[in-house]
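Ready for some practice with hollows in a protein? Work through each exercise with the structure open beside you, and try it yourself before you read the solution.

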Amino acid sequence: MTEVTRRSVLRTLSAVPAAGIAAALPSMARAAEFSYKYGNNLPVTHPLNIRAQQAADRILKETNGRVEIKIFPNNQLGGDTDMLAQVRSGGIEFFTPSALVIATLVPVAAINAVGFAFSDYNQVWGAMDGKLGAHVREAIGKSRLYAFEKMWDNGFRQTTSSKAPVTSAKDMDGLKIRVPVSPLSISMFKGLGAAPASLQFSEVYSSLQTRIVDAQENPLPIIQVAKLYEVQKFCSLTNHIWDGYWFIANGRAWEKLPADLKTIVARAINEAGLQQRDDIKKLNETVVTDLQSKGLTINRPTSDSFRAKLREAGFYGEWKERFGAEAWGLLEQSVGKLA
Ligand code: X2X
């Protein structure tokens, strides 16, 4: 701004009462009435961050600058455990924990991650956009968090290792594998005979690089954008868990937002979520070839030996009990009998 224009703006502002000053400025330049922080654990190049930024831009525009969401990607605000604590206390207003991670607070949220439950995305979205998802959202609500209606995709989790490919359950024996901070993941990999260790995602790359663990498991788009292929050699398409992200808000912050703004925010976030699902679907068509070209050796084991091992270990019986008959029944409505 030049001297002249700055002076003329000041002159204009001194002529209006304090409450009118904000109105006299162009709407976008004004400090937002609701300024929110959103933290997540993924690199900026992941579709979750790309679509979330688009949603934030749309929200700023459609609310005429009243609602601003600043994104802190890539664990900038701490790991998942820290961000979950922050969104509960109100230190941040939004967070996208994986179902596995929010389950440390809302146990039933891990229900979608039961080993080998979903066989495809029709089953996944049928359940998560239907009764099972509604059941989980209600449970999240009881923890004074608001979960937006549409879950975002993480993907089917695959197993990578620096040592050897996983061709059947016997290759899991004693495998030092990193899993998220998630009781279900620990139970499942113990059931498979592996030696799982819980680490936050913020520590995965370095723990593979320094060989604290030999293996990890994540959907292919994450293996790609987090460059895990730099520190892993083999990728086995085990498809053992379907995992998604709940887009959640601090309950008090959400309640305080006027209804018309809630509508705009929810619509932008839910629609961005649907587009993000589509992005992952498209990525899945090319990601295998890309990861191969980056040096990962890919193999495709069948799931029979893994399922048999889990049944033998009592995994399904145990988790049916832990989730309770209602949630388990809703899952089985979508995927068929499990245990
Ligand atoms: O931590 C992981 O592995 C990740 C990124 O998939 C989750 O958020 C659970």
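**Exercise 1.** Which helix gives the most to the lining of the largest cavity?

*Solution.* Before we start, keep in mind that this is a predicted model.

Step 1: Find the cavity. Searching the whole structure turns up one cavity of 30 Å³ or more, and the largest cavity holds about 40 Å³ of space.

Step 2: List its lining. Here you'll meet Tyr38, Ala52, Ala55, Ala56, Ile59, Ile69, Phe247 and Ile269.

Step 3: Match the list to the helices. Helix H3 runs over residues 47–62 and gives the most, with four residues.

Step 4: Sort the lining by class. You get eight nonpolar residues, no polar ones and no charged ones.

**Exercise 2.** Work out which pocket the ligand takes up, and describe that pocket.

*Solution.* Step 1: Place the ligand. Its space is the second largest pocket.

Step 2: Look at the volume, which is about 190 Å³ for the second largest pocket. This pocket is lined by 20 residues, and Asn41, Asp80, Val101, Arg178 and Pro180 are the closest to its centre.

Step 3: See which elements help out. Helix H4 (80–89), helix H5 (99–102) and strand S11 (242–245) each bring at least two lining residues. H4 gives the most here, with three.

Step 4: Sort by class again. The lining of the second largest pocket splits into nine nonpolar, seven polar and four charged residues.

**Exercise 3.** Find the residues around the ligand, then pick out side chains with a polar atom by a ligand oxygen.

*Solution.* Step 1: Gather the shell. Among its members are Asn41, Ser98, Arg157, Phe201, Asp243 and Tyr245. By class, the shell has four nonpolar, four polar and three charged residues.

Step 2: Check the distances, using a cut-off of 3.5 Å for a polar contact. From an oxygen atom of the ligand to an N or O atom in the side chain, asparagine 154 comes in at 3.1 Å and arginine 178 at 2.7 Å. For asparagine 218, a polar side-chain atom is 2.6 Å from a ligand oxygen.

Step 3: Ask how well the ligand is covered. On its own, the ligand has 260 Å² of accessible area, and the protein covers 100% of that.

**Exercise 4.** How much space lies in the largest pocket, and what lines it?

*Solution.* Step 1: Read off the volume: about 400 Å³ for the largest pocket.

Step 2: Go to the lining. Of its 21 residues, Phe156, Gln158, Leu237, Thr238 and Asn239 lie nearest the centre.

Step 3: Add the elements. Strand S5 (152–156), helix H10 (220–225) and helix H12 (259–293) each supply at least two lining residues.

How values were computed. Residues are numbered from 1 along each chain as its sequence is written. This is a predicted model: local features need pLDDT of at least 70, side-chain atom pairs count only at pLDDT 80 or more; totals for chains, interfaces and linings use all residues. Side-chain values use heavy atoms; hydrogens and water are left out. On a 1 Å grid over the protein atoms alone, a cavity is a set of points where a 1.4 Å probe fits but cannot get out, and a pocket is an open set with protein on both sides within 12 Å along at least five of seven lines; lining residues have an atom within 4 Å of a point. Grid points are joined across faces, edges and corners, and a volume is the space filled by probe spheres set on the points. Ala, Val, Leu, Ile, Met, Phe, Trp, Tyr, Cys and Pro count as nonpolar, Asp, Glu, Lys and Arg as charged, and the others, Gly among them, as polar. A residue is near a molecule or strand if one of its heavy atoms lies within 4 Å of it. A polar contact is a pair of N or O atoms within 3.5 Å; within protein, one must be able to donate a hydrogen and the other to accept it, and residues adjacent in sequence count only if both atoms are side-chain atoms. Accessible areas come from the Shrake-Rupley method with a 1.4 Å probe; for residues, only the protein chains shown count as cover. A molecule sits in a cavity or pocket if more than half of its atoms lie within 2 Å of its grid points.
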